[in-house]
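Please look through the sequence and the model below, paying attention to how helices pack against one another and where nonpolar side chains gather. The explanation that follows takes these two topics in turn.

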Amino acid sequence: MTAAVLRPGGPYGWAMLVERMRPFTSTIFAEMSALAMRTGAINLGQGFPDTDGPPSLLADAAANITGGLNQYPPGPGVPALRAAVAEHQHRFHGLDVDPDDVLVTTGATEAIAAAVLALCDPGDEVITFQPYYDSYAATVALAGAVLKAVPLRPPTFAFDPDELRAAFSSRTRIVLVNTPHNPTGAVFTAEQLTFIGELATEFGAVLVSDEVYEHMVFDGAAHMPMASLPGMAARTLTISSAGKTFSVTGWKVGWVHGPAELVAAVRAAKQYLTYVSGAPFQPAIAAALALPDSFYADLAAGLQRKRDLLTAGLRAAGFIVYPCAGTYFVVTDVAALGFVDGADFCWRLPELAGVAAVPVSVFCTDPALGRTLVRFAFCKRDEVLSEAVERLSGLGRAMAS
């Protein structure tokens, strides 16, 4: 085990942090959101909506609070939510899930962390794709495992099969898949997922599939869960959450399901992280998961419209804009605007145009992979996006001056 060391810094002159966690002292989301607040910029950096979820969901949660559902829920989660997740997976994806094999977590982030901590010994390897959601690398470091990140390159953000195969070894324990993919907006195809699954089977790895954007797929396409592919349910932990689907990101209620022995391992780690959370929210989400198909269709259609509004404005402002097939996010290239560093661009953008975004390089093990790429979130009200587009339209003039 790496010993903690004293080093200069911190409010008392010294700070203690094990070496493997030193790259993760702050998140880009916190930094850019704080910058947006200081400057009055429109925050298109952090991926949270600026509207609330369905009125019935909010009313149910409020009634649960005033009705006394405020103490510890059962460790695995409220039975109604576990049953609702199982029904949701059958309804939308044709998966047969036993509610006993559903574990409720404090958001998808905790589910991923608990899975990695439960399944990885120090030195084990976790394969994922870069750019990646930033908690992935931090979680792997917490476990003392080794992250092996396979590039997703523009314009399509597809992986090279040879590079993926080369990442596997006898130490590969987990393949961490995210589709629809944050930050790129890519949606993995059946062929891609099948290839990932074949390699995981060949090397005896567990698939951890982060599917929080499952209902945010555009242009007539559909989400394909990893566990729905032949033979994959037996080695897949499927993770999702209520935050993105129902616009309640602050509630932090997620879930994981899979084979009983894998879920039991995750539960063993999870119970010593948060233990439980979200008592009044869990039954409210259970009811919301049963909302009619029209709710889910309207969610995707509304976000697709917002995507189109923002991407048209970004192109008009001079950005190279890459295709977005799902999620809240669109990735752009600022090289065409004369910038060689996306991070520098993002720190300057609030002053230049009154808009905040995040650099993709911070989501990469190899920062050069996303050096000039910048991610914008479009999960905002139409009027906010229109104002952001208007501000960005003056970017060229601001740079010239």
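Are H3 and H9 roughly parallel or roughly perpendicular to each other? In this predicted model, the axes of helix H3 (residues 79-93) and helix H9 (residues 281-288) come within 8 Å and cross at roughly 30 degrees. Angles under 35 degrees count as roughly parallel, and H3 and H9 are therefore roughly parallel to each other, with a crossing that is left-handed. On the H3 side the contact involves Ala80, Leu81 and Ala84, which meet Gln282, Ile285 and Ala286 of H9; by class, these residues comprise five nonpolar, one polar and no charged.

The pairing of H4 with helix H8 (residues 260-270) has another geometry, since the axes come within 8 Å but cross at roughly 100 degrees, and H4 and H8 are therefore roughly perpendicular to each other. From H4, the contact draws on Glu110, Ala111, Ala114, Ala115, Leu117, Ala118 and Leu119, while H8 supplies Leu262, Ala265, Val266, Ala269 and Lys270. The classes represented there are 10 nonpolar, no polar and two charged residues.

Turning to the interior, the largest nonpolar core holds 72 residues, of which Leu237, Phe319, Phe345, Leu349, Phe376 and Leu392 touch the most other members. Helix H4 (residues 107-119) contributes the largest share of this core, seven residues. Leaving aside neighbours within four places in sequence, Leu392 is in contact with Leu314, Ala317, Phe319, Leu349, Ala353, Val355 and Phe376. A second, separate core of 28 residues includes Leu164, Ala205, Leu207 and Met232.

Key: Residues numbered from 1 in each chain as written. Predicted model: local features only at pLDDT ≥ 70, side-chain atom pairs only at ≥ 80, totals over all residues. Heavy atoms only, no water. Axes fitted to C-alpha atoms, helices over the stretch in contact; angles between N-to-C directions. Helix = DSSP H or I, 4+ residues; strand = E, 2+ residues; numbered from the N terminus. Parallel < 35°, antiparallel > 145°, perpendicular 65-115°, else oblique. Left-handed = near helix turned anticlockwise from the far one by under 90°. Contact = heavy atoms within 4.5 Å. Nonpolar A, V, L, I, M, F, W, Y, C, P; charged D, E, K, R; others polar. Core = buried A, V, L, I, M, F, W, Y, C linked by side-chain atoms within 4.5 Å. Buried < 20%, exposed > 50% of the residue type's maximum accessible area, 1.4 Å probe, protein only.
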